[in-house]
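Colleague: Could you take me through the ligand site of this one in detail? Once that is done, carry on into whatever else in the chain deserves a look.

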Amino acid sequence: MTDMFSASAASSPSGPVECLGLTFPSEAARREYFLKLLADKLKDPAFRQQEGFPQGTDEAILAMSDPPYYTACPNPWLADFVKHYGKPYDPAVKYSREPLAIDVSVVAAAPLYKAHSYHTKVPHLAIVPSILHYTEPGDIVLDGFAGSGMTGVAAQWCGCAPAAYRHELETAWKKEGRPAPKWGARRVILNDLSPAATFIAANYTLPFDVEAFAKAGKQLLEELEQEIGWMYETLHTDGKTKGRIEYTVWSEVFTCPECAGEVNFLEEALDEESQRVKESFPCPHCGATLTKSRLERLYSTKLDPITGKAIQVPKRVPTLISYVIGKTRYEKKPTADDLAVLQRIESLPLPSQMPTIEIPPMHMTHERARMDYAGVTHIHHFYLPRAAQAMGRLWEKAKAHPDPRIRSFLLFMVEQAVWGLSVLNRYGPTHFSQVNRMLTGVYYVASQHAECSPWYNLGGKLDRLVKAFRNAKVSPGGTAITTGTAARLPLPDDCIDYIFTDPPFGENIYYADLNFLVESWHGVTTDAQPEAIIDRFKHKALPEYQHLMQRCFAEYHRVLKPGRWMTVVFSNSKAAVWNAIQVALQQAGFVVAEVTALDKQQGSYRQVTSTTAVKQDLVISAYKPNGGLEERFSRTGATVESAWDFVQTHLRQLAVTKVKNGALEFIVERDPRRIFDRMVAWFVRHNAPVPLSSQEFQEGLRQRFAERDGMIFLPEQAAEYDKKRAQVEHAPQIELFVCDERSAIDWLTDFLKRRPSTYQEIHPEFTTQIGAGWKKHEAKPELAALLEDNFLKYDGTGEVPSQIHSYLSSNYKELRGLAKNDSRLIAKAKDRWYVPDPNKAQDLEKKREKALLKEFETYLAHPGRRLKEFRLEALRAGFKAAWGKKDYASIIKVAQKIPDEALQEDERLLLWYDQALTRVEDGQ
Ligand SMILES: C[S@@+](CC[C@H](N)C(=O)[O-])C[C@H]1O[C@@H](n2cnc3c(N)ncnc32)[C@H](O)[C@@H]1O
């Protein structure tokens, strides 16, 4: 008997198989049983009406699917999968982990990673340590934006990693003082909106017979050779030997602006010697100096036999043929014979599998790149006649394989030629290989196209696939794949043990648009409506993106077990997108416990404190607070005690120490100000007023918890920290990035704590801080005013305050051991600014808050439509006060007076504003 987790559940095993508690005589019987059920389900209009349901006929959806493991639509068996293979949430089970930083750029060259490309893949080896850290064997991992399914590959890898890999990882963990991982496969649920993506993911993670595939792939390419090999034959320049064409270069033809003569771009502009395009070149007819920008594309009119309409196609001519005889490669200009073959092919009917649908209006084909200018309005226009024959037959042959699992994997191979055989494949004269040379992330038709033969494109691929999967031993399953929106997962509450996810970030990549080409071949396309991207063409701007993401995160929050973790990979350099994600996460109920970036040069991780300019990939570790906290909150409501309850729970989730290059690192999330922000977000998300002012919070924090080197700990954590601290020489230092008034105050606090100073001493240091990174619309404060409003100055009367006293006596030998009223000490202490003790700080804070609110009133009363410069601190204080009074209208009114980017780039403001909007929309 075999189940999903056993290696013998391959594509056509002879023995009985167990699946979701049922036993079948064979895999074929299992498949037949569930396909029948899926076919019935597809007939149910309510099932099909779900948000995110792909577009396609029942037949096409069934053809892609392998139920219950994979469906090219929302998977009706996910709940069963969890019920059978998961462990129900039990609050009594102890679970505790610290957040973990990972390197998302790790070993991208691994053969398995390269087995199928996808836009922005996260290498599975980057995910493996995370899964090992947060889960135990048999736990269920979820990725709702799974793309090509690397999270699934990683979950399987935990069970089949080679000994050398295990040893390497265990040694590294030991060095970091971490316990050894528990090896063993984890079960995984993969979801994506795009059927093209889930099809890749399914083939990556469902078991198949590699040897049977190797045979079938070879046979497919050989049969194709027998059928259409003649299309790729050419006569060698010796006039007798037959050569095999690897690729033919087609060049667009332009007209000369001077004489209107035809100019073959490649022939005229390519420098034979350097193989580069010349900046300028003479017209072959009139000798005028030409550049690419001076040329006009020539179009020819063709009748499209499919649509029956005339279409305008850029005029292209075959200019160069690259072919081989044996192992030797040759190049030649096409001869009359070659042209005759091409003409013969042009008269053939299109293969039946070639999709002929019209491309609907979308950003990538109608705005970013005008595909109609390239003569492409329907899918079949992407292919020149010979490539259409090759691609159509490849698809046909793969689809005709009798074994459904092998068939699916053949399509997995063949679909990788969909772009490479199309006119999107650019010719790169300086490149050795012309395989898959399309521009990634866009549809772009270049002036020179390398039309590759199917064997040139796929021959090497077949061998590589066989090698990659043979070594990876991907057969043990345990994966369920579903197609739909992450905002609506067919899963019960509290059933997932860990989430790893890499969602779309803003407008980096238009997945639905880009997947449309491959999906047309499958006949099942993405429902782009719920796609979480910024896409002006579909009227999705940043706020829409944020809300789409928020809905997906809320769904993640629903299905994740309380107290469990989620890792989110973030790769976008815009602060506004970053803030949208932060707000979406917190609104959905997650609490962020760490944000890290990898310092590639040093090979170490850095905690991220500011994201005004994010240059590299970030990794966010967030958790769903445990059930106890939520329950207590709903019982007691927004009381002061509930704030401390939150802090208590939050501190437990944070790392206690972080060691970098032998030194202790400052843990940003333990900074009292950061803890305050997290607490505020928690209350806002629960639609509750924040029960403490910032100073009350800071004071209470120090009374209730232990402070070490500017960080807050639970008592038992403090003991652990002290032990580590005793082993290192220096205390960790906070790194502050000054970009607005708030961070300027934080910087001053830090500076004056270490070194109470006079205005003259502070000034030059402060000036270097408020430089390039300063936020655009934020008024620059005067140092004098900042000091006056937030700190105290010793004017030389009375005793020297202890803050200054301890600084002077430990830094100046001659002042050591002097009484606080000693005149020498007083003289040195006079005019120094220092950080007030908590009582005095509260008085100052009250005064400052009053002033900030007054300023906010002026914003509210401002007659113009736009405020040009303002203080973010005044906005924050005003929003917070208005929130407390449920005065949502004032928040919205002022928010609309400030530029979008200022709002979008401030996580705190965005949080209040977004909630205020929701409240107003809900009529509260
Ligand atoms: C960054 S990619 C994930 C790539 C993946 N990490 C990999 O290694 O292949 C983001 C994915 O989110 C998908 N997506 C966009 N909106 C979605 C939604 N609402 N629900 C589920 N998936 C969505 C896109 O189709 C895309 O495949």
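Modeller: Sure, starting with Ser148: one of its polar side-chain atoms sits 2.7 Å from an oxygen atom of the ligand. Keep in mind that this is a predicted model, so every distance here is computed from predicted coordinates. Two more polar pairs involve nitrogen on the ligand side. Thr485 offers a polar side-chain atom at 3.2 Å from a ligand nitrogen, while with Pro530 it is a polar backbone atom that lies 3.0 Å from a nitrogen atom of the ligand. On its own the ligand would expose 600 Å², and the protein buries 98% of that.

As for who surrounds the ligand, there are 24 residues around it, and those that come nearest are Tyr118, Ser148, Asp192, Ala486 and Asp502. By type, the shell splits into 12 nonpolar, 8 polar and 4 charged residues.

One of those nearest residues, Asp192, gives us a way out into the fold, as strand S5 covers residues 187-192. Arg187 belongs to that strand. With a relative accessibility of 9%, Arg187 falls under the 20% limit and therefore counts as buried. Gln156 is 31 residues away from Arg187 along the chain, yet their C-alpha atoms are separated by 7.7 Å.

Another arginine to look at is Arg31, in helix H1, which spans residues 27-42. Its relative accessible area is 6%, so Arg31 is buried too. What does the Arg31 side chain pair with? It makes a polar contact of 2.9 Å with the side chain of Asp66. Leaving out residues up to four places away in sequence, Arg31 touches Asp66, Pro67, Pro404 and Arg405.

Pro67 leads straight to a backbone feature: the peptide bond joining Pro67 and Pro68 is cis, with omega at about 5 degrees. Pro68 itself is in the loop that runs between helix H3 (58-64) and helix H4 (78-85).

Now for the nonpolar packing. In general, nonpolar side chains of soluble globular proteins tend to be buried together. Here the largest nonpolar core has 244 residues, and the members touching the most others are Phe382, Tyr383, Phe469, Phe553 and Phe879. Apart from that core there is another, made of 17 residues, including Trp747, Ile762, Phe766 and Leu786. If you want to zoom in on Tyr383, its contacts beyond four places in sequence are Met354, Ala388, Met391, Val418, Leu421, Ser422, Leu517 and Trp521.

Last, check two backbone spots with positive phi. Ala260 has phi near 65 degrees, a positive value in a residue that is not glycine. You'll find Ala260 in the loop between strand S7 (242-255) and strand S8 (262-264). Is Ala260 buried or exposed? At 56% relative accessibility, Ala260 is over the 50% limit, so it counts as exposed.

Asp709 is the other spot: its phi is positive, about 50 degrees, although Asp709 is not a glycine. It is placed in the loop between strand S28 (706-708) and strand S29 (711-713). Its relative accessible area of 32% lies between the 20% and 50% limits, so Asp709 is partly exposed.

Conventions
Residues numbered from 1 in each chain as written. Predicted model: local features only at pLDDT ≥ 70, side-chain atom pairs only at ≥ 80, totals over all residues. Heavy atoms only, no water. Helix = DSSP H or I, 4+ residues; strand = E, 2+ residues; numbered from the N terminus. Buried < 20%, exposed > 50% of the residue type's maximum accessible area, 1.4 Å probe, protein only. Polar contact = N/O pair within 3.5 Å; in protein donor to acceptor, adjacent residues only side chain to side chain. Contact = heavy atoms within 4.5 Å. Core = buried A, V, L, I, M, F, W, Y, C linked by side-chain atoms within 4.5 Å. Near = heavy atom within 4 Å. Areas by Shrake-Rupley, 256 points an atom, 1.4 Å probe, with all protein chains shown as cover. Nonpolar A, V, L, I, M, F, W, Y, C, P; charged D, E, K, R; others polar.
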